[in-house]
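Please open the model in a viewer and keep the sequence at hand. The tour below proceeds by selection, from one structural unit outward to its surroundings.

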Amino acid sequence: MDEARMRQALALAERAMLDDDEIPVGALVVDPAGNVIGTGWNRNIAEHDPSAHAEIVAMRHAGAALGNHRLLGCTLYVTLEPCAMCAMAMVHARVARVVFGAFDPKTGAAGSVFDMLEDPRHNHRIAVTGGVCADVAGPMLTNYFRRKRGLPPR
């Protein structure tokens, strides 16, 4: 099931890249019954909003769908390991689980650089599964930046 949901998130990441020329990160929130209740892709450039990362956009939609700022029991799927901002938003939203694709060795906050989601000092911890479809998510990001630099894709 994680791989199928990650493929949905990858389609959102592709939309970010192709439709909006945004960094290709896509996210979706799934409720405890398995229903997708929020989707998002990076919108920070288009919306001039530093907080409009895919995860935040998806959580905003999920919160509106539930009529609640808490996303209890929900799983968030995202194509790139969350940054510190997104990780803390997930903690505050009480997301139950995060599944991500590519690891982020520079700013990853789900174990690569920081471990903000499972830190015992928080009043809520989030189960983390990383590396799902990383073989697709990683190259999508790498090739996006290579094209921006005028380099051929790998």
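Select strand E3 (residues 75-80), helix H3 (residues 84-93) and strand E4 (residues 97-102) in this predicted model. Together, E3, H3 and E4 form a β-α-β unit that is right-handed.

Keep E3 and E4 displayed. The two strands run parallel and are joined by five bridges. To locate the register, pick leucine 76, which lies opposite valine 98 of E4.

Next, add strand E5 (residues 127-129). E5 pairs with E4, again in the parallel sense, through three bridges. Here arginine 97 has alanine 127 of E5 as its bridge partner.

Now colour E4 by accessibility. How many of its six residues are buried? Five are, and the strand is thus mostly covered.

Turn then to the largest nonpolar core, which comprises 47 residues. Select Met6, Val29, Met59, Leu76, Met90, Val95 and Leu117, the members with the most contacts inside this core. At least two core residues come from each of helix H1 (2-20), strand E1 (26-30), strand E2 (36-41), helix H2 (54-66), E3, H3, E4 and helix H4 (134-148). Which element gives the most to this core? That element is H1, with seven residues. In soluble globular proteins, nonpolar side chains tend to be buried together.

Finally, centre the view on leucine 117. Setting aside neighbours within four places in sequence, leucine 117 is in contact with Ala87, Met90, Val91, Val98, Ala109, Ala110, His124, Arg125, Ile126 and Val128.

Notes:
Residues are numbered from 1 along each chain as its sequence is written. This is a predicted model: local features need pLDDT of at least 70, side-chain atom pairs count only at pLDDT 80 or more; totals for chains, interfaces and linings use all residues. Side-chain values use heavy atoms; hydrogens and water are left out. Buried means under 20% relative accessible area, exposed over 50%, partly exposed in between (1.4 Å probe, protein chains only). Helices (H or I, at least four residues) and strands (E, at least two) are DSSP runs, numbered from the N terminus. Two strands pair if DSSP finds at least two bridges between them. A crossover is right-handed if, with the strands pointing away from the viewer, the path from the first strand over the helix to the second runs clockwise. A nonpolar core is a set of buried Ala, Val, Leu, Ile, Met, Phe, Trp, Tyr and Cys residues joined through side-chain atoms within 4.5 Å. Contact means heavy atoms within 4.5 Å.
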